[in-house]
Amino acid sequence: MDDFQSAEETAFVVDEVTNIIKEAVEGAIGGNGYQHNKVNQWTSNVVEQCLNQLTKLGKPFKYIVTCVIMQKNGAGLHTASSCFWDNSTDGSCTVRWENKTMFCIVSVFGLAI
Amino acid sequence: MATTGSHPAVKLKKTIQFPQEVVNVRRPSNCLSQNSQPESSSTLGVEAAGPNMARRRSTKYGGGTLLTAAHAFRRMTRNSIAQEQLPKPVVKYENTYKLGPDEGTEFFPSKAKNEIEVFLEQHMRDVTYDPSTAAQLTQTIADKVKNLTKELNCPRYKVVSTVVVGECKNQGLETASRCLWDDGKDNFATVCHKNKTIFAVVTVFAVYFE
């Protein structure tokens, strides 16, 4: 007997994932200013926290989480992504966050298995 | 329970989708569906699930959401609805029982890295940072890198390419990524390219589709 799940439980829900990302970013770098020696740890914390929460959703997805943290000094930054996947089952979500001293851009890609 | 084999990271579950009509089609070999447009008939035989099937299934597996979705679907089909408003059937392919890529069709990160390095070298040689064109440049690089990866003869792989392009102004920048996937089959390649005014960090992920 196969297990069946309703459509809501196996789709990539962008709102849910957005909340997870926001909480992870706030938790990891919430009130901090840019510090070069800590950035490495911050990016790792953000992605690990995101991935842990995504795993807890229990959906049949493979996840790719990327995080970019850049110091604010007037320089321009652009990000883009291009994906070859199944539009009906896969999805992505990008969250931009900033404070006075840095930008943080987190992207989550969910690929159905 | 029929499964394709134990998955190290995620438990495999079949899906049943309401209220869309489900059409089961045998999957052609080496096929990766890019969109969900189904073929409604096939020479290998088609089993279509209509409203009656939905009703039987909903009582068998009786969740509240399944029952109400089935009711909604039946109500919809009883009234006359214009063809465009009906939900498009979602194709569910039969199992191929393939657990891994065939010989010679694996994704090799080293090959991808070489291709991307050559491409970036060529593309970014005389480029200076310009805010009005940088966005377009970034998108172009992402698309081209994805196409390059597709040409590497790995037919059952889903490809995600991400590009970060920025102005060089002595600022600090850090990128990180983590993935929840099958370590033996999925991989990634990353390339950094820099000149005096502009830098680009390109990462391409290839994920095997079971």
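Strands here are DSSP runs of E, at least two residues long, numbered from the N terminus. With that in hand, here's a quick look at a predicted model, focusing on a sheet shared by chains A and B and on the second largest pocket, which takes lining residues from strands of both chains.

**The shared sheet**
- Four strands make an open, antiparallel sheet, running β3(A)-β5(B)-β8(B)-β7(B).
- β3 (77-84) of chain A and β7 (187-194) of chain B sit at the edges with a single partner strand each, so one side of each has no neighbour in the sheet.
- From one strand to the next, the twist averages 10°.
- The chains meet where β3(A) pairs with β5 (residues 157-167) of chain B, antiparallel over 8 bridges; A:T79 stands opposite B:V164 there.

**Helices packed on it**
- Helix α3 (residues 109-123) of chain B touches β7 and β8 (198-208) of chain B, its direction making about 25° with that of β7(B).
- Helix α4 (residues 131-150) of chain B touches β3 of chain A plus β5 and β8 of chain B, at about 30° to the direction of β3(A).

**The second largest pocket**
- Its volume comes out at about 520 Å³.
- There are 28 lining residues, and A:T66, B:T175, B:A176, B:S177 and B:T203 are the closest to the centre.
- At least two lining residues come from each of β2 (61-71), β3, β4 (91-98) and β5 (102-112) of chain A, and from each of β5, β6 (173-180), β7 and β8 of chain B.
- The top contributor is β6(B), with 7 residues.
- By class, the lining splits into 14 nonpolar, 11 polar and 3 charged residues.

Key
Residues numbered from 1 in each chain as written. Chains lettered and ligands numbered in written order. Predicted model: local features only at pLDDT ≥ 70, side-chain atom pairs only at ≥ 80, totals over all residues. Heavy atoms only, no water. Pairing = 2+ DSSP bridges. Axes fitted to C-alpha atoms, helices over the stretch in contact; angles between N-to-C directions. Contact = heavy atoms within 4.5 Å. 1 Å grid on protein atoms, 1.4 Å probe; cavity = no way out; pocket = protein on both sides within 12 Å on 5 of 7 lines; lining within 4 Å. Points joined across faces, edges and corners; volume = space filled by probe spheres on them. Nonpolar A, V, L, I, M, F, W, Y, C, P; charged D, E, K, R; others polar.
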